[in-house]
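Subject: Model for you to look over

Hello,

Here is the model I promised to pass on. Please open it alongside the notes below.

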Amino acid sequence: MMIRRKKKVDPFVQFLEQKPTVSIKDREAGLDYLVSFMHLIRPRTGKPGEAVENFGKALHVLYEHPAVLNGLRVSILAQLINSNLLPLLTESGITVSRGAGRELYARLKHKFLPALQDPNDFLYVLDRLFYRKDDYEWVEEIGHHRWVQFFDAIGFSFEGRAPVITQQALTALQILSAGVAQLGWESAVVRNAPFKHPQADNPFAEQQYLVYELKELLLNNGSREKLHPLLERIKAVFAEGMQVIQHIRDQTAERGASLSQTFILFQLEQKLDRMQLVLDIVDLDEKMDTSRLASLFIKAIRNENRKNSLWEFLSQTTGYLAYQIAEHKGKKGNKYITSSPLEYWQMIVSAMWGGFIVCFVAIVKILLGKVHMAPFWHGFAYSINYSLGFVVIEETKSTLATKQPAFTASAVASSLDTRKGDNTPNLYNLAVTVSKVSRSQIASFVGNLIVVFPGTFLLAWLYDICFGVPLVAGEKAVKLLEAQHPWHSFSLLYACNTGVFLFLSGIIAGYVQNKVNYGRVGRRLAEHPFLRQYTSRKRLQRIANYLDAHAGGLAGNISLGFFLGFATTAGDLFGIGFDIRHITIAAANTSIGLYGVGWNNVSFSYMAVVVSGVLGIGFLNFLVSFSLAFIVAVRSRGIKLRDYPEFLGILWKYFRSRPLDFFRPRRRLDIQ
């Protein structure tokens, strides 16, 4: 007996054969129709790439079968007319206004006992359509422009057909308007905005009066002649509000920002953007901004799928302040990126001075190791030594190669930040920026190492001449060389630890500088009533100016010094193999160990491997620090690297055509 295999039925064909009819009054039937249609697009588990293909087929069905298009349009309108739209329009996808602690507690509570949802709420419809917790992933993968095509095909028009929708939209507009007006009077906004007279110039307050005027006009069936100029005025005020937000953000590099201020600015931006969409619904014309509608749709689905996610909230919340910190680091990072041959050679000279200072730091560290003291005090002494060395490098405007990545990563990420304009980033210019970062980093490494290797060897020789004994000798000298060997030790792993510490010190530097700027610490110090009695105004002002300019640098250098100084002590304390390897310190220790062992007692091949280990340490210092800083900078700006898959191809093409640009600057030819 032969068993016939069941023929696989195309779900699209099956959907068309059913030909269900939908009434605008039957909300439940319309919802079932939408669920069936979305089921056609939803990819199978483990195959997210199917979503784009399925979406293309679904869009083709809409264009080829007017009955399906009409059924879909009627089904969506049935949900909009018979649902409460206010939560969707006023809350979904907008930053919470309550405190971080309260929001975290609410999400944790709803993890165990989900909140009761009103079936009349439109968000209930979204939960029915996108019931899987990972549905937002394939919705986002389909992409904004494809969803715009979808909504263009539907062809929404609310003019005269759905007064219930426009009435709810008008109520939502009033709620959003009141929220914007309240936030617009916060001191964090008024104090930093370019208002000459906040009572008269504040667009966040003005828009509320205009929205009320719009409400009165619509309720009294006002004429289009009066409506059009009012709508234009409201849109102009919205644009003014966005300009004020951008102005405040532009000032954060000098004035700093608090988490509270950052929350307020994001809420204002989101509410104003949402008001633009709602205004589209109530303006009584047949045009609909489907781009804004698609953005709301995608955000609402993500928000519903992730509404109880603790990680989502923590990532979003910390990202707000991280954005301001990354902005500060990005500004500073520009000074570490060279463009011309002159800047390139200045970087090398600056790095040579930095290497010269590290020579003394390494010698002092060895001397401190000879002093008998408790492990904690050894770690403390090492930390003070490193911190003083890093601070001297900062104060003399010298360069330490490993300090660059935390700042240059933010500068690179800043060039991808589309918040600063509507245009897409120029990926070719970004590739040029990467080449500049590469050669600048190489220049600083070269400048450090060409001084550290011979300079520390010379100091070890002078110590031997002056005191009659080598700085280190015998087994201790061999251990210094072995500690840098790439496979006789864990030096490369320890180099990754250093990369993490370099990244953390950069975060601390940005955070402290931001707090000093925002808190007006320098100005408050200069006006301190007690200090002014015992210190001249001129000296106090100098101290205040110094703190304003260097507080972040001091905090970053001191924290890095203590991270590196206490690393070995922490490893010994907890009984784990934890240590650090910093390229310049490793290079200095290699020179000291080589002098202690003697040229004639070590083979050239062995030293070549040790030196390659030092270079590997430097590469991992850079790679880990840069990667972590770049990830934070990118995430804090809301940038998705998958939106730019072509960048690696552009970068490779640029490298193939101009490989030397990644190692040294190109000479500019004078045009005759």
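Phe626 and Phe630 sit four residues apart in helix α30 (residues 604-636), so about one helical turn separates them. This is a predicted model. The two rings form a stacked aromatic pair, 6.0 Å centre to centre with 5° between the planes. Phe626 is buried, at 18% relative accessible area. Phe630 is buried too, at 17%. The cut-off for buried is under 20%.

Set that beside a pair in α19. Phe356 and Phe360 are also four residues apart in their helix, about one helical turn. Their ring centres lie 5.2 Å apart and the planes meet at 75°, so this pair is edge-to-face. Phe356 is partly exposed, with 40% relative accessibility. Phe360 is partly exposed, also with 40%.

The whole structure holds 30 aromatic pairs. One aromatic cluster is formed by Phe37, Phe55, Phe130, Trp138, Trp147, Phe150, Phe151 and Phe297.

Phe55 leads to helix α3, where it is one of the buried residues. The others are Glu50, Ala51, Asn54, Ala58, Leu59, Val61 and Leu62. Viewed down the axis of α3, the buried residues fall within an arc of 165°, so they line one face of the helix. The length of α3 checks out as well. Its 15 residues (50-64) should span 21 Å at 1.5 Å a residue, and the end C-alpha atoms are 21 Å apart, which agrees.

Next, the second largest pocket. Its space comes to about 820 Å³. The lining has 27 residues, and Lys365, Ile366, Tyr382, Leu480 and Thr568 lie nearest the centre. Two or more lining residues come from each of α19 (341-370), α20 (375-395), α23 (474-482), α27 (537-565), α28 (567-574) and α29 (583-597). By type, the lining divides into 12 nonpolar, eight polar and seven charged residues.

One backbone point to look at: Lys397. This residue has a positive phi of about 60°, although it is not a glycine. Lys397 lies in the loop between α20 and α21 (405-414). Its relative accessibility is 69%, so Lys397 counts as exposed; the cut-off there is over 50%.

Best wishes

Key: Residues are numbered from 1 along each chain as its sequence is written. This is a predicted model: local features need pLDDT of at least 70, side-chain atom pairs count only at pLDDT 80 or more; totals for chains, interfaces and linings use all residues. Side-chain values use heavy atoms; hydrogens and water are left out. On a 1 Å grid over the protein atoms alone, a cavity is a set of points where a 1.4 Å probe fits but cannot get out, and a pocket is an open set with protein on both sides within 12 Å along at least five of seven lines; lining residues have an atom within 4 Å of a point. Grid points are joined across faces, edges and corners, and a volume is the space filled by probe spheres set on the points. Ala, Val, Leu, Ile, Met, Phe, Trp, Tyr, Cys and Pro count as nonpolar, Asp, Glu, Lys and Arg as charged, and the others, Gly among them, as polar. The expected span of a helix is 1.5 Å times one less than its number of residues. Buried means under 20% relative accessible area, exposed over 50%, partly exposed in between (1.4 Å probe, protein chains only). The arc is that of the directions from the helix axis to the C-beta atoms. Rings of Phe, Tyr and Trp (its six-membered ring) pair if their centres lie within 6.5 Å; planes under 30 degrees apart count as stacked, over 60 as edge-to-face and the rest as tilted.
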